[in-house]
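Trainee: I have a model open and would like to talk it through with you. Could we go step by step, with a short piece of reasoning for each answer?

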Amino acid sequence: MSMTVHTAHVYVVSEKEKAYFNLSFDNEMSPELAIKDSIGTFIDDYISSSNRKELISKAFDANYDWDDEDPFTLEDEIEFESDLDISEEYTKFCNEIETMDKIGYVLFAVDSNKHDWLGYSTYYYDAMVFDFEKRRLYSIEWRGTELQEDKDSWDERPFYKSTAEYLIKMIEAGKAEQIDVGDFVLSGKKAGTVTVKELRETGKPENKEDLKNHIPDSTDEAEAKQIKRITSLIKRVDDIDFDNKVFVFDTLDYVPVRGVYCGPDSPDHPIVKRVLEAGGLMRKSVSGKTNYLVINTEAYKPGTGAKCRDTLIQIDKGKSISVITLDNLLELLDE
């Protein structure tokens, strides 16, 4: 049985060319997508930079969780391995991307066939796709099936060049919400997610006022109408009396708690738990007794879904429900 190996992937697509490179990190090193710390400027930097090689290399960091260690980048791993073939392959890849014109997409991904820290034997990959034309960032987390005890498939990988091609194809077709996020289920919930962030022309994430005026592509008329109305109701509140107030969370990222992935309907989710500790109540669905609907503006197409639909129904019945952002709620909890 082979040891755990983490692999970094880069896929660059221009109007006429495509370039792909992958590198498996040695010695149980686990590269992270360090690019998530500078997403606001990546598109502009990549277009204008004459050193795309450096931007690509620094997108990965095997020392990401170690504040007292220097970043361990893609180029550091290539130098560490001292493999002439890999070095030549990487040089060829960098030469290709340096001369590309009219960039469409840049994809970064890391994958693993490891025993994760929850004790499950799972495959996973995390990917980030920059859409240069629409100035969007797609974050995709795929979680694979639990490894069968009677099957040694550790040498299989969850991510290939074909995976990168599949992700770009789905995004191009406006079907990001249909991307396969895996079938590893914990507590009845899939662990995989797809999220989208809009980027300004300046490279900064959209603010909340811009979000209210943005209707995502590939929505039908009814969905677009719901998004527009629910986002128009978002308001900022300066304080909340949490005592016995009923909160419904539209969307929250699933996070592991004691070996179980918890989402917006779980009292064990760290954010939900903070609301409960402050005296609030959490419900899984909207009713006439709901006081606050919390919108995660970084979720894919915020404003869609049954909870937002039911909120509008209750408001039309004369019920008073405040629609606030998750950021606003977190600010008040921090205070």
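Mentor: Gladly! Let us begin with a term for the sheet: two strands pair if DSSP finds at least two bridges between them. Keep in mind that this is a predicted model.

Trainee: With that in hand, in which sense do strand 11 and strand 15 pair, and over how many bridges?

Mentor: Strand 11 covers residues 246–249, and strand 15 covers residues 292–295. One bridge to look at joins F247 to Y292 of strand 15. The pairing of strand 11 with strand 15 is parallel, and the number of bridges is three.

Trainee: Which residue of strand 16 stands opposite Y292?

Mentor: Strand 15 also pairs with strand 16, residues 322–325, in the parallel sense and over four bridges. Y292 therefore has a bridge partner in F247 and, in strand 16, a residue opposite it by the pairing rule of at least two bridges. That residue in strand 16 is S322.

Trainee: And the side chains of strand 15: which residues point the other way from Y292 and V294?

Mentor: Y292 and V294 share one direction from strand 15. Both sets of side chains are buried, whichever way they point. Those pointing the other way are L293 and I295.

Trainee: Let us turn to helix 7. How far does helix 7 reach from its first C-alpha to its last?

Mentor: Helix 7 runs over residues 221–232, which is twelve residues. At 1.5 Å a residue, 16 Å is expected. The model comes close to that, with a reach of 17 Å.

Trainee: What arc around the axis do the buried residues of helix 7 cover?

Mentor: The buried residues are A224, Q226, I227, I230 and T231. An α-helix has 3.6 residues a turn, so residues three or four places apart point the same way. The buried residues of helix 7 lie on the same side because they cover an arc of only 160°.

Trainee: Which residues are exposed on the other side of helix 7?

Mentor: Exposed here means over 50% relative accessible area. On the side of helix 7 away from the buried residues, that applies to E221, A222, K225, K228 and S232.

Trainee: How many disulfides does a search of the whole structure find?

Mentor: A disulfide is a covalent bond between the sulfur atoms of two cysteines. Two cysteines to look at are C94, buried at 3% relative accessible area, and C308, buried at 0%. The search of the whole structure gives a disulfide count of zero.

Trainee: Now the charges. How far apart are the closest N and O atoms of R135 and D44?

Mentor: Side chains of opposite charge can pair when their charged atoms come close. R135 sits in the loop between strand 6 and strand 7, while D44 is in helix 1, 91 residues apart. R135 is buried at 8% relative accessibility, whereas D44 is partly exposed at 24%. The two form a salt bridge, and their closest N and O atoms are separated by 3.1 Å.

Trainee: Which residues are linked with D126 in a network of salt bridges?

Mentor: Start with the salt bridge between D126 and R143, at 3.1 Å from N to O. D126 belongs to strand 6 and R143 to strand 7, 17 residues apart, and R143 is buried at 13% relative accessible area. The network links D126 with E141 and R143.

Trainee: Which residue forms a salt bridge with K245?

Mentor: K245 is partly exposed, with a relative accessible area of 24%. Its closest N–O distance in the salt bridge is 3.8 Å, and the cut-off is 4 Å, so the pair counts. The partner of K245 is D241.

Trainee: T7 caught my eye too. Which side chain does T7 join in a polar contact of 2.8 Å?

Mentor: T7 lies in strand 1, residues 6–14, and is buried at 1% relative accessibility. The C-alpha atoms of T7 and A109 are separated by 8.2 Å, with their places 102 residues apart along the chain. The side chain in polar contact with that of T7 belongs to S24.

Trainee: One last item: what is the phi of K102?

Mentor: Most residues other than glycine have a negative phi, and most peptide bonds are trans. K102 is found in the loop between helix 4 and strand 5 and is exposed at 53% relative accessibility. N244, in the loop between helix 7 and strand 11, also has a positive phi, near 60°. For K102, phi is positive at about 55°.

Note on methods: Residues are numbered from 1 along each chain as its sequence is written. This is a predicted model: local features need pLDDT of at least 70, side-chain atom pairs count only at pLDDT 80 or more; totals for chains, interfaces and linings use all residues. Side-chain values use heavy atoms; hydrogens and water are left out. The expected span of a helix is 1.5 Å times one less than its number of residues. Buried means under 20% relative accessible area, exposed over 50%, partly exposed in between (1.4 Å probe, protein chains only). The arc is that of the directions from the helix axis to the C-beta atoms. A disulfide is a pair of cysteine sulfur atoms within 2.5 Å. A salt bridge is a side-chain nitrogen of Lys or Arg within 4 Å of a carboxyl oxygen of Asp or Glu. A polar contact is a pair of N or O atoms within 3.5 Å; within protein, one must be able to donate a hydrogen and the other to accept it, and residues adjacent in sequence count only if both atoms are side-chain atoms.
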